[in-house]
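New to this one? Take a look at the structure, and then let's walk through it together.

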Amino acid sequence: MSDFKTVIEGTRASNNLPNGVNWNFYYSYPKFKKTVSSRQHHVLKLISALLKNQKIPGNIRDKDEDHQFELIEEGNDTILDRVTHNIDTLNGSFKNVGVSVIPKAFVSETTDNTQAANKKRILVHGRNIERPQLKFKTKVDNRPVPFKPLLTSKPNSKIPLDLCLETNEDGIMFYKHPYQLELEEFKVPDEHLKISKAVKPASLEDTKFVEVYTEEQLNLMISDLKNVNELAVDLEAHSYRTYQGFTCLMQISTRNADYIIDTLHLREKLHILNEIFTNPAVVKVFHGADSDIPWLQRDLGLYVVNMFDTYQAAKILNFSRKGLDFLLKHYCNVDADKAFQLYDWRTRPLSTEAIFYARSDTHYLLYVYDMIKKDLMAMSTNQCNYIELVFQRSADVCKTRYEVNILSEDSHLSMYKRSKKMFDIQQMYALKHIYAWRDKLARELDESPGYILPNHMLLKISEMLPKESFGILACCSPIPPLVRQCLHEIHYIVKKAREQTFENQAEKLNEDNSFTQDVVKHIDVDMISLHDYSKSKENAEDSLPTLLNDLNKLPDDEIEILCFTPQEITIFQEVNKKKSRKHIGLTNIVYKQPYELYLKTIKYNNVLKKSLEVQEKNSGNNEPLNTSVPMECPDKLYLTTQVKEIKKEIIDHTNVKKNVPKVLNAPNTIIREIKVDNQSSSTSSTSQNPTNNSRQNSFKPHKYETTDFAKFHNQSKEVMLIAKRLQKKKNKTKKNKKPKRLQKTV
């Protein structure tokens, strides 16, 4: 034990050494550098002597840092292989005989002789034991389905047995606890709330001991247990070579006898213990029943009513330690070494030391129950009875239901958070998929995930992402047998993980069906909005709710709207209000608020209703209708020019009927036109040349109000050019000439 403490202290001291930038800083001091160099030579000398003693070739002093680590790893593998071989030889693996186990220390009363004998004993773990689950009549089911209780009858019940599936708030299906009502309505009997005289139990040698291996012995034990009101119960289970785990041993103690029940042989027969375990008049004393209660439900179909958990009592008493070994030492003056918690309880027959340890867990528990009730009563007041509080908390533990482990998308995150590592996309991909592969293989083979691939090895593989398969084996020391068999599967997952990029993850997010609408991403701003379709190429009005009814909506081909859409200006840019050559022809950029758009929709709806009424009245006439202005496009930018002469107005079709082309006289068409007001220029010309009135009467200049600017809608560059030319013309007002060149261009 002293050597182990020395190793721990040395490891803790090495972890406290500076690293990174701090190491470079401290290493710059000559005194620190000298001390570190001397200790380094000393450590290398010890490692070299150890490798030489194990007959491992190579001199670690003559190698560089990388080769030194490789030599140390090779030495560790060699030493561990020899240790494994020696253990197999010691427990008789090569002779196919039973496993002999010598405990390091076991529970005993404090005597000098027993303590001296314990120093020579060590614990040996059996490895080649036949798997008991292969002999179970009811085969183990590791499928991710809700666990169904094993009960066929319900003794001591207030309502009949009802095994029906239910669904919780999260949508997960489960079977209700069979004794849920009985536990909720349970009241502690008055006799169990009173303090009785505590009598220290007799020694283990003087107490009656019964081993239960057959059904006849089980029936005799139950007949004896029906005559008592207090029981001490404990379980021993195995979980390393099975996925869910199974109960191997049950210990029951009364005031006068100790019983050990082989739950592997009597697995299908022990459900008759429900007559005693669910009897509210009999108190069952456990210690730390958080695991025992689910194990009883899963393997034996047993449920507990009226339980007293000494662990819950230790929490209320606020003990510094709450383990059973502390309670045995505190109340019984018994030293308990919990080394047998690592014992392989599948071993049959059980050794004498193992039986001694199993009996000790429950032999003194009833005496601890009496003593701890006294302490609780001393703390109790008129308002709060702490003994009753322990019974209530124990009843809450009894309400626990066993649930099958179900793999989810985030199951690996719990292990990742405990590791306190920082993984990127590739490493997280490897961790998630190797974790899922391990869980699937463990369910199929009925092995624990830790046996297939321990957690620390899984994290190391995910962190290193070796390129070659032998790199995966280098991350595992010692190499688990199933990792070597399924090496190609792990290597394939690691290879796929190295191919993961941010683009691949983005594509997967885009393929997610949780979004019913297409997401439009702005080119100029890195922002996503589900309701902004201003830069969407597709028409999205079918997928969006509108205030207008479908009957009042005009077809798209009947509405022609003129909009100026500059190429390089967005609503997120600030336009300089000062006059400059860059912004000639642009006065402001207007961004329509949602409420303004809402008002326009109402106005637009009213205009459409009026147009429909006029259409019905003039259905017999062939004259075109006088329609109103369509609603301005809400997702476009509006541009107004600085030219005061250009005005947007609606021209009545009845006044310009002769000048409008025939194509524009088609019914149900709405046109926005631009009219140039040249009154000042025309009046000046008439005053200077009064003799040319006759020529002007015969000559008909081009009228802009009859020009169809709709065909120039998509030609934004030409529209910008026209606006710039009009601005230049305004600056030349002194010449007072008609814009003939502009007319020709149009």
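What follows goes from a sheet to the helices on it, and then to the nonpolar cores.

Keep in mind that this is a predicted model. Start with the open sheet: six strands, lined up in the order E4-E7-E6-E5-E8-E9, with mixed pairing. Strands of a sheet pair through backbone hydrogen bonds, either parallel or antiparallel. At the edges you'll find E4 (208–212) and E9 (307–309), and each has a single partner strand, so one side of each is left without a neighbour in the sheet. Going from one strand to the next, the twist averages 25°.

Now zoom in on E5 (residues 230–238) and E6 (residues 246–253). These two run antiparallel and are joined by seven bridges. For example, leucine 235 has methionine 250, in E6, as its bridge partner.

Helices pack on this sheet too. Helix H13 (residues 352–363) touches E4, E5, E6 and E7 (257–262), and its direction makes about 55° with that of E6. Helix H15 (residues 386–398) touches E8 (283–286) and E9, with its direction at about 105° to that of E9.

And what about the nonpolar side chains? In soluble globular proteins, they tend to be buried together. Here the largest nonpolar core has 67 residues, and those with the most contacts inside it are Met221, Met250, Ile252, Phe277, Leu296 and Phe308. Helix H14 (residues 365–379) gives the most to this core, with seven residues. Leaving aside residues up to four places away in sequence, methionine 221 touches Val212, Tyr259, Ile261 and Leu273. Another core, of 33 residues, lies apart from the largest one; among its members are Met415, Ala442, Met457 and Cys475.

Note on methods
Residues numbered from 1 in each chain as written. Predicted model: local features only at pLDDT ≥ 70, side-chain atom pairs only at ≥ 80, totals over all residues. Heavy atoms only, no water. Pairing = 2+ DSSP bridges. Helix = DSSP H or I, 4+ residues; strand = E, 2+ residues; numbered from the N terminus. Axes fitted to C-alpha atoms, helices over the stretch in contact; angles between N-to-C directions. Contact = heavy atoms within 4.5 Å. Core = buried A, V, L, I, M, F, W, Y, C linked by side-chain atoms within 4.5 Å. Buried < 20%, exposed > 50% of the residue type's maximum accessible area, 1.4 Å probe, protein only.
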